[in-house]
Amino acid sequence: MRTDYEDRIQKLIDQMTLEEKAGQLRQCGPSLVGAFGVSFEELVNMMFDGKISQEEFDRQMGSARQDFREEELRNGCIGSYNGIADAATANRLQKIAIEETRMGIPLLFGCDVIHGLRTVMPIPLAESCAWDPKLWEKTARVAAREATAAGIHMTFSPMVDVAKDARWGRVSEGAGEDVLLNSCYGAAKVRGYQSDDLAKEDSMAACVKHFAGYGAAEAGRDYNRVDMSMQRFFEEYLPPYEACIKAGARAVMPAFNDINGVPCSVNRWLLRDILREKWGFDGMTVSDSNAIAECVSHGVAKDQADAAKRAILAGMDMDMASDSYHQYLVELVKTGEVAEEKLDQAVANVLRIKFELGLFDHPYQASQDREREELLKPEYRRLAREAAASSMVLLKNDRILPLQKDAKIGIVGALADDRAQMLGTWAFEGKGEDCVSIVDACRARGVSFTYIKGQDAAVDIESINKMAESCSVIVAAVGEKKEESGEAASRASITIPKEQTEVLKALKKTGKPVVAVLFNGRPLAIPWIAEHVDAVLEAWHPGVEAGNAVLDLLFGAVNPSGKLTVTFPYTSGQCPMYYAHIPTGRPGGKSKFTSKYLDTPLEPVYPFGYGLSYTTYEYSGLKIQQSEQGVSVSVKVKNTGKRDGAEIVQCYIRDMAAERARPVRQLAAFEKVFLKAGEEVETRFFIPYENLGYYNSRMDYIVETGWFEAAAGRNCADCLSSLFEYTGQ
C-alpha cells in the first residue's frame, strides 16, 4: 500500500503546475472581514490594552463574516486550512477542492485541539500531574473523536517544550520541567490522537511542537531567543520531540524562536540534519503562524522572498498564514534560486500525509450527524471529571480535608462561579455554558453554602464576617485568569493579585478554617498562602468538569493522587527554578559564599514531584541490583493510612563524578501504584546503562564508569537513596 501511494504522489507532482505545487504548501486561516474599522489584529490589541471591553470585542466579532478565499481555492492556490472546526464548513470547502479544482487534491484541515475540542479536559500542565500515560492517551482519543467529527484532520499538539521558567506563559501547554515526563506525555498523546490506523475516520494526525527548545526562551519571555550549549540542547530539550517521532507523529511544527541565532523556521541543521537524517522522519513540517515572514524581523532574511527561500531550502514544507510561499515561491523556482526538486520534496511530504489520512479515497470524513453525536458525550464528560480529579494536587492539609458531608461552606472568589475561566488557555471551541463551576456543583449536590464574590476585602469585609458566622469552613477560589497564561502571556511576577491576598487575610481573621483552591496555568509564588492557609488544593484550569472534580476531592469522594511536574518557587525572582539543576562548585547552603539569594529561602515552596493524599505512605527497603544490561531499583511502599489511595513512586539517578557536571537528580522512571489501606507493595524500576550517559565536550554520547546514586521516593526532595558502581560490563 505504501508503494502504491508513493507512486500516486509522484504522478500527481508530475502533472502539477508550479502554482499548484506552491498551493499545496499554503495553509490559510479564514480571515475576518466587514464590521471592523480596523484590522482584526488591531482589534485584538485594543481589547488586551484595555481600549475596548471584552463585551465590545465580542459584539464586533459577532457582526463579522469569514472569508475562506474560495476563488483562490478553486485556482489550486490552497492546500490546507487551519482554525476551521465545523463539519459543514469543512465539507463545503472540501467539495470545492475535489470537484472544482484542476487536480482534485483534497484539503487538509488543521486546528489547535490542545486539550479537547468541546469536551475540554484539564490543561496539559495539569494533566501531566496525574503521571498517567494511559490517561493521557485516553483524553487524546476523545479529542480525536470529537475533532474528526468536526472535520479536523490534524491537531497542532502535543506541545513537548520542556519548560523550567514559570514566567513563560506557555508552560501551561506542556508537561512541565522534566525531560522524561514530557517524552512520556508526548508519546501517549501521539498514540491517542493517531490510534492504530491514521486512515480511520476518528483518527487525526499529531503535529508535534515547537521544534525545538521554545520552552527555554530567555527570561521566560515569549518568542525570545534560545541560546545554550549543544550538550544541554541534546540532553534536556530534544528527547521529547524524538520520543514523539518514535511514537509515529506524522507532522512537526518548528518553533518561533532561534537556536543560537538561527530561527527554527529556516534552520536546515534542525529540520534536515536532525529531524530527517538523524531521526528518519518522513512526515510533514508546517510553520507556526506567520513564522516564515518573521524571519525578516529576526534579522536573518533581507525580505519576505528571502525568508521563503531560506525556509523551503531548510526543509519547511508548509507555510502557515504568512503567504510567503504563495507570493514568492513560484518566482524563486523560475529564477533558479530554489531548485524545483526542493519544491517537489515538500509537496510530496504534504501529499503523503493526505494519503495516510485516507483523504484521497474518503475526503468527506466529517458529518454533521457524527458531529452532533460525538460532542460532549456523557462518557467523555466522565473522563474529563476523572482527568481533572487525577490532575489536581493537594499541596497542604492541616487536618481540614476531606470535608464532612454536612459541612456548611462559605465560598469566596469570582473564580468559584466563572464557568468560562475553567476552560484555560487554548480552548477555542470550548464554551462556558458547558462547564461546571464550584458553585454549580454545590447547587447540584445540595451542599449547604453561601457565596460571595469577595475580590476586594475593603468592600466585602462586612459580607465576609457575616458569612463566617454561618459556616464551618471557607473555600477561597484564587489564582489567575485563563488569559494570564498561554501564548503571549509571560509574566514578570507570578504572584496572585494583591486583592486576592487581602481577601485571604480577611478570611483568616474570621477564625474559620480556610481552604484555598488555586486555578492557574503555571506555578505560582505563594509563600504566604502555603504558610497561613489551612489547606491548599492546586486545581489548575481543570476543564468542563471543574466544579465536580473539585468537590470530589474536597469531600473525599476521590483521594488526591496528583503530584507536581513543576517547581513552585518562593518568589518570581528565583525563576528559572527547577529540580534537575547543576550543583555548582558552591552549592547553596547556610554559609554566605554559596549559590543562593540573600532575600529568599534556598528551597522552593513546593518541590517537583510533591503532592499529598488523604492517606499516608511509608517507603522502605531500597534495593539495587545490577545485570549486564542495566540496574534494577526496587523500593517497598506501604499504605499506612485508613483509606485506599494511589501513590506516584518516583525513581531518580545522579552521576556522582563525570567529565561534565551532572544534575543533582534526574527522573529516570515512575509508576503510579494503587494501594488498599494497610497494603504494601514492592515497586521495581529497570534503568538501562545506556540511560546513564550524557554528551561530552566533543558531543559524543558516553556512559562513564564510576559511582551513581539511585533514589526512590515520594518527590525529588524526599527519597531513599543508595550508591552503585558501574564498571562498564
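The expected span of a helix is 1.5 Å times one less than its number of residues. Helices (H or I, at least four residues) and strands (E, at least two) are DSSP runs, numbered from the N terminus. This is a predicted model, in which local features need pLDDT of at least 70, side-chain atom pairs count only at pLDDT 80 or more, and totals for chains, interfaces and linings use all residues. Residues are numbered from 1 along each chain as its sequence is written, and side-chain values use heavy atoms, with hydrogens and water left out.

Start with helix α18, residues 378–391. At 1.5 Å a residue, its 14 residues should span 20 Å, and the end C-alpha atoms are 20 Å apart, which agrees. Several α18 residues are buried (under 20% relative accessible area with a 1.4 Å probe, protein chains only; exposed is over 50%, partly exposed in between). Among them are Tyr380, Arg381, Leu383 and Ala384. Ala387, Ala388, Ala389, Ser390 and Ser391 are buried too. The buried residues of α18 pack against helices α7 (124–128), α8 (133–149), α17 (368–374) and α23 (546–554), and against strands β13 (393–397) and β22.

Strand β22 leads to a sheet. Here 4 strands form an open sheet in the order β22-β21-β26-β27, with antiparallel pairing. Two strands pair if DSSP finds at least two bridges between them. The edge strands, β22 (666–675) and β27 (718–726), each pair on one side only. Neighbouring strands are turned by 20° against each other on average, direction ignored; axes are lines fitted to C-alpha atoms, for helices over the stretch in contact, and angles run from 0 to 180 degrees between N-to-C directions. Strand β26 (residues 706–715) is joined to β27 by 9 bridges. Trp707 stands opposite Glu725 in β27.

Now the interior. A nonpolar core is a set of buried Ala, Val, Leu, Ile, Met, Phe, Trp, Tyr and Cys residues joined through side-chain atoms within 4.5 Å. The largest has 133 residues; Phe211, Leu507, Trp540 and Tyr606 have the most contacts inside it. Helix α16 (residues 340–356) gives the most to this core, with 8 residues. Contact means heavy atoms within 4.5 Å. Leaving aside neighbours within four places in sequence, Tyr606 touches residues including Leu395, Ile526, Val536 and Phe568.

Last, the cysteines. The whole structure holds 0 disulfides (pairs of cysteine sulfur atoms within 2.5 Å). Cys244 is buried at 0% relative accessible area. Its closest cysteine sulfur, in Cys184, is 10 Å away, too far for a bond. Cys575 is buried at 8%. Its sulfur is 16 Å from the closest cysteine sulfur, in Cys716, again too far for a bond.
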